[in-house]
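Notebook open, structure loaded. I want to go through the overall build, then the rings, then the charges, and jot down what I look up.

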Amino acid sequence: MKIIIINGPNLNLLGVREKSVYGDQSFEEYFEGLKSKYPEVDFEYYQSNVEGELINKLHEVGFSYDGIILNAGAYTHTSVAISDAVAGIKTPVVEVHISNIHAREEYRHLSLITAHCAGMITGFGLKGYEMGLYSLLLK
């Protein structure tokens, strides 16, 4: 099974920024542990702070991978273009957020991409990525 995790803006700063919200582990450290725990999965990881690069990656993998775990970061709430990219691909997408977006500022409560995703996982920290993976493995 081929799965890609795609992270959006500022998620390259995990482990450094706002530790009270996002924790103190880098995503790279978490990702290595996830790969070790699921050796049967062919994982790829991609992160960009640039909206168009995220769209290009979704287009690139959205017809050939078995699943996409997407944390679009702040673009979740603002990007019609990323929403359209998710709607236009065939690979199932699970939306993940480290923090509980519904317990934060009101502008974070709306996700423009959820309607095009298989589901959303929010508020479980980095563990949410594994929960997203589990949902894809069940399909």
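**Entry 1: the whole chain**

I started with the surface: the chain exposes about 6,700 Å², and carbon and sulfur atoms supply 52% of that area. Note to self: this is a predicted model.

Next I looked up the secondary structure and found five helices and five strands. Reading along the sequence, I get the pattern β-α-α-β-α-β-α-β-β-α.

How does the radius of gyration compare with that of a compact globule? For 139 residues a compact globule would come out near 14 Å, and the chain has 14 Å, so the two agree. The box I drew along the principal axes, filled by the C-alpha atoms, is roughly 35 × 35 × 25 Å.

I also checked burial, and buried residues make up 48% of the 139 in the chain. Then contacts: taking those between residues at least 6 apart in sequence, I see that 77% join residues at least 24 apart.

**Entry 2: aromatic pairs**

I searched the whole structure for aromatic pairs and got seven. One of them is Phe27 with Tyr30, where the ring centres are 5.8 Å apart and the planes stand at 50°, so I logged the pair as tilted. An angle over 60 degrees would have made it edge-to-face, and one under 30 degrees stacked.

Where do Phe27 and Tyr30 sit? Both are in helix 2, which covers residues 27–37, and they are three residues apart, about one turn of the helix. I looked up their accessibility too: Phe27 is buried at 0% relative accessible area, and Tyr30 is buried at 11%.

Moving along the helix, I checked Phe31 against Tyr45. Their ring centres are 5.5 Å apart with the planes at 40°, so this pair is tilted as well. Phe31 belongs to helix 2 and Tyr45 to strand 2 (residues 42–47), so the pair ties together parts that are 14 residues apart in sequence. Phe31 counts as buried at 7% relative accessibility, whereas Tyr45 is partly exposed at 21%. The buried label stops at 20%, which is why Tyr45 falls outside it.

I then followed the ring pairs to see what they join up. They link Phe27, Tyr30, Phe31, Phe43, Tyr45 and Tyr129 into a cluster.

**Entry 3: Lys57 and its partners**

Which ring does the charged end of Lys57 sit over? I find it over Tyr46, 4.9 Å from the ring centre.

Lys57 turned up again when I went through the salt bridges, of which the structure holds six. With Glu44, the side chain of Lys57 makes a bridge at 3.5 Å, N to O. Glu44 is in strand 2 and Lys57 in helix 3 (residues 51–61), so this bridge ties together parts 13 residues apart in sequence.

With Glu60, Lys57 makes another bridge, at 3.3 Å, N to O. That one stays inside helix 3: the two residues are three apart, so about one helical turn separates them.

I compared burial across the trio. Lys57 is buried, at 10% relative accessible area, Glu44 is partly exposed at 24%, and Glu60 is exposed at 51%.

**Entry 4: other salt bridges**

Back in helix 2, I looked at Lys35 and Glu32, whose side chains meet in a salt bridge at 3.1 Å, N to O. They are three residues apart, so again about one helical turn lies between them. Lys35 is partly exposed at 31% relative accessibility, and Glu32 is also partly exposed, at 44%.

I also noted a network of salt bridges that links Lys37, Lys127 and Glu130.

**Entry 5: a glycine in a loop**

Last stop was Gly73, in the loop between strand 3 (67–71) and helix 4 (80–88). Is Gly73 buried or exposed? I have Gly73 down as buried, with a relative accessible area of 15%.

What does Gly73 touch beyond its neighbours within four places in sequence? I find contacts with Pro9 and Leu11. I also checked Gly73 against Glu44: they are 29 residues apart in sequence and 18 Å apart in space, C-alpha to C-alpha.

Note on methods. Residues numbered from 1 in each chain as written. Predicted model: local features only at pLDDT ≥ 70, side-chain atom pairs only at ≥ 80, totals over all residues. Heavy atoms only, no water. Phe/Tyr/Trp six-rings, centres within 6.5 Å; stacked < 30°, edge-to-face > 60°. Helix = DSSP H or I, 4+ residues; strand = E, 2+ residues; numbered from the N terminus. Buried < 20%, exposed > 50% of the residue type's maximum accessible area, 1.4 Å probe, protein only. Lys NZ or Arg CZ within 6 Å of the ring centre and 35° of its normal. Contact = heavy atoms within 4.5 Å. Rg over C-alpha atoms; globule rule 2.2 N^0.38 Å. Areas by Shrake-Rupley, 256 points an atom, 1.4 Å probe, with all protein chains shown as cover. Salt bridge = Lys/Arg side-chain N within 4 Å of Asp/Glu carboxyl O.
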